Amino acid sequence: MIEMFLWALVLVSLMATLVISIYGIVIRPSLIKKLIALTILTDSANLLAIMIGYRLIYPVIPPVLPQRTQEGLSKFIASSVDPLPQALVITAVVIGMAVNVLIAFAIIQIYRICGTTDVRKIAEVMKDGKT
Amino acid sequence: MARLSSAIPVAVLVFIIYILFTGSATLYDIITGVIVSVACGVLFGEFVVRNPSKCFDPRRWFWTIAYFLKYMTVIEARAHLDVIKRILTMDIRPGIVKVPIDVKNDYSRILVAHSITNTPGTVTVDMDDNYIYVNWINVVTEKPKEARKRISEEFEKFAEKIFE
Amino acid sequence: MKRGHIIALGVFIALILLVSLGITFVGKVPMTTDVRPLGLFYLKNSYFGNYAARSPEVVTSILWDYRGLDTLFETGVFFLAIISALALFRIEKKEEKVKEKGEGFTFIVKDTVRIISVLIVAVSAAIALHGHLTPGGGFQGGSALAVVPLLIIVAFSKYALEGRGLTKDTAMIVRSIGLISIIILVLIPLAAGGYLMQNLPVFPSHILGQLTSGSLVFYNLFEYIAVGAGFTAVFLLLSIPEKVFHKIIGGEKE
């Protein structure tokens, strides 16, 4: 029972983190804070994907074949976690890093041109044509 | 020629780290390890080693091993016991003292500085040409000569034998 | 923290606890104790079986064999993201060196970075080249490799790297070499009469009696080079002093 509660607690906390990061992306006016919220969103989404592939058994091992024999294989299948979410997440992490770099570059360039990262002020600066 | 001889010690170091990190020594590990270590040696040789002839001196290696063993057992244990005692009794007099340093070589000065930082109770704060500034948990003396005797004399003795 | 913030935080934590308690006692917690059929297929076939990639590391065999095309196009996304970042920071005039002020770090930091950077290269190569045997692979190794130029930029300066020949352009050339090699590896099976990105039996599963899992080790190697060099180019661009951009753009105030 306590096991189920802890598992549910982790899942609900992850969902709450997702909701908070979406709030941050939508409500916060600073572009930097939007980027931080976006990284939190991608990381918690990745963690959720990994947790879906987890197996609540004991013992549980990573998806790397320990002994290269037929008996080792049957033992491995009985206790290994799902490899598919991990394979999806590893590319998502690196691509996410590259996309974050691109967004950060864009924010830096916006700051250089407009002198601010506040979306409301950027709109004003652009309207006045003060660049 | 200088490039080649400074590449060899770096390549050996990289090969050892590679095999230790991999944790196995099959033919595949050894072949890839040799390729990686040769590439690293050629690329980083002059960046890391300035005076390659020192690397081939067995006496320096002997002193390195002797220093490592003594540091990890005797010196660390002594410093840990001292700090544990001070934490339990709260008998501390923290402060920054100025300690003279005699060794001139860059790597030996780094060895002394890191040795001071790694022992509990003393932390290297800054260093200039003749002095190290050490944050000390128990300042018994502010005189540079005596502080040196208590903090860094032993390290310097070994550093001189290893790198000078 | 203001008082309102503390109350909001308390309510929020209480809400999370209540919801998870509710799920535990009333609803049903999604707890899996067995693998889904698709995952089971990969676990069974990764090393043994008719559809084997001959790799004990199931994640790598999914990445570069079973779902190879996905990873190929993700590499394309990575390529585009870095290319567009470079396009944003394009400097058309030749960049002039900004005179450095101050003393920089003490030599304790600098010489320690010298030694550590060599060790990081060794470790990252070990991660990348054993991607088909142990957890790790090209993406992870490349990210670890990119730490080295970052450390050198922080401890010395950007000009220390560029003085040794590692400019943005050389990084991009190395990266292109890695990507072109990946594309050639994708096309080799077509020439040999197989289909796109086929692994076994076009590539040998053992070389000199050592397990290399067909093309997996080569894909990992070139991905390692491409990712490491790509991030190096990005870090070099990020470390261009702000003064250079002031001169070019000229709009922003101090």
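Start in chain B of this predicted model by selecting residues 122-127 and 131-136: these are strands β2(B) and β3(B), which run antiparallel and are joined by five bridges. Next, look at the connection between them, where a hairpin of three residues leads from β2(B) to β3(B). To check the register of the pair, pick B:D126 and follow its bridge across to B:Y133 in β3(B).

Now stay in chain B and select residues 106-118, helix α4(B), then add residues 107-129 of chain C, helix α5(C). The two axes lie 10 Å apart and cross at an angle of about 100°, so α4(B) is roughly perpendicular to α5(C). Show side chains where the helices meet: B:D106, B:Y107, B:I110 and B:A113 on α4(B), and C:F107, C:I108, C:D111 and C:T112 on α5(C). Colour them by class and you will find five nonpolar, one polar and two charged residues in this contact.

Zoom out to the whole meeting of chains B and C, where 22 residues of chain B are in contact with 18 residues of chain C. Which element supplies the largest share of chain C's side? Select α5(C) again, since you already have it on screen: 14 residues of that side come from this helix. By class, the chain C side has 12 nonpolar, four polar and two charged residues.

Last, display all the chains. Two pairs of chains touch, and the most contacts are between chains A and C. What separates chains A and B? Put a distance label on their closest C-alpha atoms and it should read 14 Å, with no contact joining the two chains.

Methods
Residues numbered from 1 in each chain as written. Chains lettered and ligands numbered in written order. Predicted model: local features only at pLDDT ≥ 70, side-chain atom pairs only at ≥ 80, totals over all residues. Contact = placed C-beta atoms within 7 Å. Pairing = 2+ DSSP bridges. Helix = DSSP H or I, 4+ residues; strand = E, 2+ residues; numbered from the N terminus. Axes fitted to C-alpha atoms, helices over the stretch in contact; angles between N-to-C directions. Parallel < 35°, antiparallel > 145°, perpendicular 65-115°, else oblique. Nonpolar A, V, L, I, M, F, W, Y, C, P; charged D, E, K, R; others polar.
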